[in-house]
Structures are given as C-alpha cells and as structure tokens.
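Thanks for coming. I will go through one structure today, one spot at a time. Please have a look at it first.

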Amino acid sequence: MSLFWIVIRQLAEFEAMATSKKVITREDWEKKLNDVKIRKEDMNKLVMNFLVTEGYVDAAEKFRMESGTEPDIDLATITDRMAVKKAVQCGNVEDAIEKVNDLNPEILDTNPQLFFHLQQQRLIELIRNGKVEEALEFAQEELAPRGEENQSFLEELERTVALLAFEDVTNCPVGELLDISQRLKTASEVNAAILTSQSHEKDPKLPSLLKMLVWAQNQLDEKAAYPRINNLSTAMLEDPAV
C-alpha cells in the first residue's frame with residue numbers, strides 16, 4: 001500500500017502551501033511511489049490475513065507453501081469456522097449451534113446477543129417452512145423469556161413473530177427477515193465471534209486499508225491534481241484532468 005503513504009505524505013506537505021492546486025505529473029508521482037519501500041514480508045502478511053479472516057483455507061495453505069508466510073491461527077480451525085458459517089447461510093441453525101459449541105462452548109455462553117440472534121434465525125426458518133405451531137411454541141418457550149430480560153430482544157422477537165400475521169410476506173413490513181441477507185447477517189456475526197474467540201481480528205485489514213486510501217485521495221483532491229486510482233479492482237493510475 002505504498003500509494004496510501006504517498007498520498008498521506010503529500011497531504012502533509014500541502015498543509016503549509018497556498019490554496020491553489022498543485023499539478024503532479026505521472027512521472028513525478030511514479031517516482032514518489034518507487035521511493036517508498038515496503039517489505040515483501042509485510043505484504044505477504046496482509047494477504048494471509050485476508051485469506052484467513054475470509055476463510056479461504058485452500059488458498060491460505062497454498063500461499064503459505066509458496067510464500068513461506070505462516071498464518072497466526074491453525075488453518076484447520078478455518079474449515080470448522082466455515083462449516084458453521086455455511087450451516088447458518090443454508091438455514092441449518094441447530095447444526096450451526098452444535099458446531100459452535102464443539103469449537104468453543106464459551107462463545108455462546110458469554111455472548112447472549114449472538115445466541116439470541118441464532119435462536120431468532122431458527123424461528124425465522126420455522127416460519128419460512130410454514131411450521132406455524134412449532135414457531136409459536138419455540139418463540140414462547142425459547143425467545144420470550146430472553147425478551148423479558150432485554151428490551152431490544154423483545155422488540156426483535158415482536159418483529160419476527162409479525163411475519164405470522166401476513167399470508168403474503170411481500171406486503172409485510174418486516175418481510176426482509178426472510179431475505180437471504182438476514183441469513184448472511186447472522187452468519188457474519190457468528191463468524192466474527194469465532195474469530196474474536198481465537199484472538200484474531202474479526203475484519204480483514206486489506207479492505208480497511210483500501211477505505212483509508214479512498215479517504216486520503218479525497219482529502220488530497222482538494223489540494224492537488226495527481227494520478228489517482230479510480231477503480232480499486234484494477235488499481236490503475238489515471239492522469240489528472242487539467
């Protein structure tokens with residue numbers, strides 16, 4: 001991410017300059033980029049962090065062999081974590097809960113919000129499958145007691161049970177609970193909790209660095225015209241419009 005440090009350095013230099021924009025040529029910009037030295041080991045660690053956090057176990061293993069970069073957690077745990085995530089994404093919440101407890105029972109014991117959201121997802125799946133009586137019984141026995149202890153849980157429970165009042169969920173104001181995005185949201189929450197229990201960051205560093213790059217470029221835009229990256233997927237420098 002040498003470009004990020006170049007942008008930050010230019011911002012600092014321009015703080016004391018006049019308000020008129022300075023034009024930086026591609027030649028000068030590329031020279032500044034070449035002057036910044038970043039260790040290959042640090043870049044490899046950044047890549048490994050992304051692969052591990054996002055759960056690309058096969059790619060992480062191959063990258064370890066090719067680069068000699070050791071992950072900061074046992075790669076075998078990635079497979080277990082991805083099995084939990086996949087179970088939630090497929091609507092198999094009970095299986096996901098069992099797998100989480102097999103990994104580390106303290107994850108759910110110490111995180112009542114996560115456990116409630118998993119139970120809420122179980123309720124959603126019962127409603128999705130048309131098991132109305134079972135859904136009502138589950139809500140009353142498993143979720144209602146938790147709602148009595150926590151106002152936010154009670155509100156979420158009421159929103160979920162409201163799905164039963166509509167034959168056509170397309171007209172239901174809380175119909176989004178049945179969208180695949182709700183499963184993905186719950187799966188992401190479980191994934192983050194497992195990573196935290198393993199003393200690992202719950203979010204990869206690379207996307208954060210890219211967000212910082214976009215922010216830094218936006219700040220520098222006010223002070224200079226320079227070759228910038230407009231498309232993060234290609235990372236191609238585009239000449240400034242002068």
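**Asparagine 191 and its surroundings**

Apart from neighbours within four places in sequence, asparagine 191 touches Thr53, Arg81, Met82 and Lys85. Keep in mind that this is a predicted model. Asparagine 191 sits in helix 11, which covers residues 180-197. Is asparagine 191 buried or exposed? Its relative accessibility is 9%, and because the cut-off for buried is under 20%, asparagine 191 counts as buried.

Next, an annotation. The UniProt record, an unreviewed entry, marks residues 77-134 as "domain: CTLH". In the model, that span is 83% helix and 0% strand. The C-alpha atoms at the two ends of residues 77-134 are 34 Å apart.

Now the aromatic rings. A pair of rings is described by two values, the distance between the centres and the angle between the planes. How many aromatic pairs are there? The count is 3. One of them is phenylalanine 50 with tyrosine 56, a stacked pair with 6.2 Å from centre to centre and 25° between the planes. Phenylalanine 50 is partly exposed, at 26% relative accessible area. Tyrosine 56 is also partly exposed, at 44% relative accessibility.

Another stacked pair is phenylalanine 116 with phenylalanine 153, where the centres are 4.3 Å apart and the planes differ by 5°. Phenylalanine 116 belongs to helix 8, residues 112-128, and phenylalanine 153 to helix 10, residues 151-161, so this pair ties together parts that are 37 residues apart in sequence. Both phenylalanine 116 and phenylalanine 153 are buried.

That is my part; I will take questions now.

Methods:
Residues are numbered from 1 along each chain as its sequence is written. This is a predicted model: local features need pLDDT of at least 70, side-chain atom pairs count only at pLDDT 80 or more; totals for chains, interfaces and linings use all residues. Side-chain values use heavy atoms; hydrogens and water are left out. Rings of Phe, Tyr and Trp (its six-membered ring) pair if their centres lie within 6.5 Å; planes under 30 degrees apart count as stacked, over 60 as edge-to-face and the rest as tilted. Buried means under 20% relative accessible area, exposed over 50%, partly exposed in between (1.4 Å probe, protein chains only). Helices (H or I, at least four residues) and strands (E, at least two) are DSSP runs, numbered from the N terminus. UniProt positions are given in the numbering used here, feature names are shortened, and annotations may be inferred rather than shown by experiment. Contact means heavy atoms within 4.5 Å.
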